[in-house]
Amino acid sequence: MTTLDPRPATLDALGARDETDLLVDAAVRPEEFPPDFVWGAATASYQIEGAATLGGRTPSIWDTFCAEPGRVVGGDTGDVACDHYHRYGEDVGLMRTLGLAAYRFSVSWSRVLTPSGEVNADGLGFYDRLVDEVLAAGIDPWVTLYHWDLPQHLEDAGGWPARDTAARLAELAAVVGGRLGDRVGHFITLNEPWCAAFLGYGNGIHAPGRHSAADAVAASHHLNLAHGLSVQALRAAAPDALVGTTLNLYPVTAAFPGADSEDAVRRIDGLQNRWFLDPALLGSYPDDVLADLGALVAPTLIQDGDLGTIHQPLDFLGINYYTRHVVRPSAYPGTNAGEFTHRGLPTAANGWEVDPEGLTEILVRVARDYPALPLFITENGSAWDDTVEADGSVVDADRLAYLAAHLAACARAREQGADVAGYFAWSLLDNFEWAEGYAMRFGLVHVDFATQRRTVKASGEWYGRFVRAARDILSP
């Protein structure tokens, strides 16, 4: 039996381009995954497209946020990013080379609809061409409607704390579903609504940069509502497509025993995980989280019928996983929300602990506590300080090992009964990583942002070989 080694011992083994150098014993085997398992990679519009002012695109909150000094590391912007808008053909060719079966990407709301709500033909046409290119390469397109890039004119009208914004996303869903639904088999309504709400409107480290706990809570509910309305719109516009949503989920662990620690775990888990899982999959908000939030939940926020709208039948659930939350009671008097700490595990370049066991835990928990759905890992990856070698190669052994360990975690979750149906590596390309700018690289493919030269990293080669081996072994 030949499998793939996540821990090559030498630079030569990693840098070699011969299949036999990488097809050796490993912690995870292609045979551990079923024939219909979906193998892919993911990106997001603002992080890769560039062409910020071309083709009728208008500003998003991230254009505005990046223009404010001090918001983004290095003063970076997504104005050019990976120039995917012009280079999508090359990038789809890379996907084909890697043997990917699926490509998850998002649409830029500001590119598709004008401030007056009319369809921008040039913008929607870009996604038309992209979908056709992806399909021609034998790859299935997975389309995310909202990946954090709210049009600035909607932020000016109140943003996600305003109820009307939810209805506006449903309009985007109807347009995109109507245009692409004859060829796109999978739609995702939202990407990580927790981040959009609490990082964007609570602590202000993401666009639009507001600092209001009440706004963050209101935004979270309206994002949940937007999900439900968008599912309805997609069902009407693309009745043959499968529809789901994507949440960033974390197992939450106490740093040390004690009642205070367990209450901190409950609070963090409630707001991070259950506040989004419960309304979408159970049709209710968790009572303990409502009690924790208290007056932050305005009396008119959750209206009659909202939970029924949010609780739409779904075809799958997307889960983004990067690490575990480890919490301890807050050291600040009068608070008990908890503080984040580490367990002493190795960390990636951005300080996140590498904890593949946490992926198994969260998958098994969702499968146990919520209605049965196929679960897709819609993002999983790591940032490292990549170095381009003299021969032009990028030997990223840490990322390669991270991928292998997390694929093994998916296999363990399947053994424990979780219906893990696919895996999308984050990310296909090094890209604009939000408030971190270009300082953090997550890609399977290295991008020289000065020249736009793409180089498949050792991790990308390994993942591609693993995917091709899986597909070859399991195909008739």
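These questions and answers look at a buried residue, a hairpin and a helix pair in a predicted model. Local features need pLDDT of at least 70, side-chain atom pairs count only at pLDDT 80 or more, and totals for chains, interfaces and linings use all residues. Residues are numbered from 1 along each chain as its sequence is written, and side-chain values use heavy atoms, with hydrogens and water left out.

Reader: Is phenylalanine 442 buried or exposed?
Author: Phenylalanine 442 sits in the loop between β11 (420–426) and β12 (445–448). Strands here are DSSP runs of E, at least two residues, and helices are runs of H or I, at least four, numbered from the N terminus. Buried means under 20% relative accessible area, exposed over 50%, partly exposed in between (1.4 Å probe, protein chains only). Phenylalanine 442 has 5% relative accessibility, so it counts as buried.

Reader: Which residue in β13 is the bridge partner of aspartate 448?
Author: Strands pair if DSSP finds at least two bridges between them. β12 and β13 (residues 453–456) run antiparallel, joined by four bridges. In β13, the partner of aspartate 448 is arginine 453.

Reader: Why does α15 count as roughly parallel to α16?
Author: Axes are lines fitted to C-alpha atoms, for helices over the stretch in contact (heavy atoms within 4.5 Å). Angles run from 0 to 180 degrees between N-to-C directions. Under 35 degrees counts as roughly parallel, over 145 as roughly antiparallel, 65 to 115 as roughly perpendicular and the rest as oblique. The axes of α15 (residues 356–369) and α16 (residues 397–415) cross at roughly 30 degrees, which makes the pair roughly parallel.
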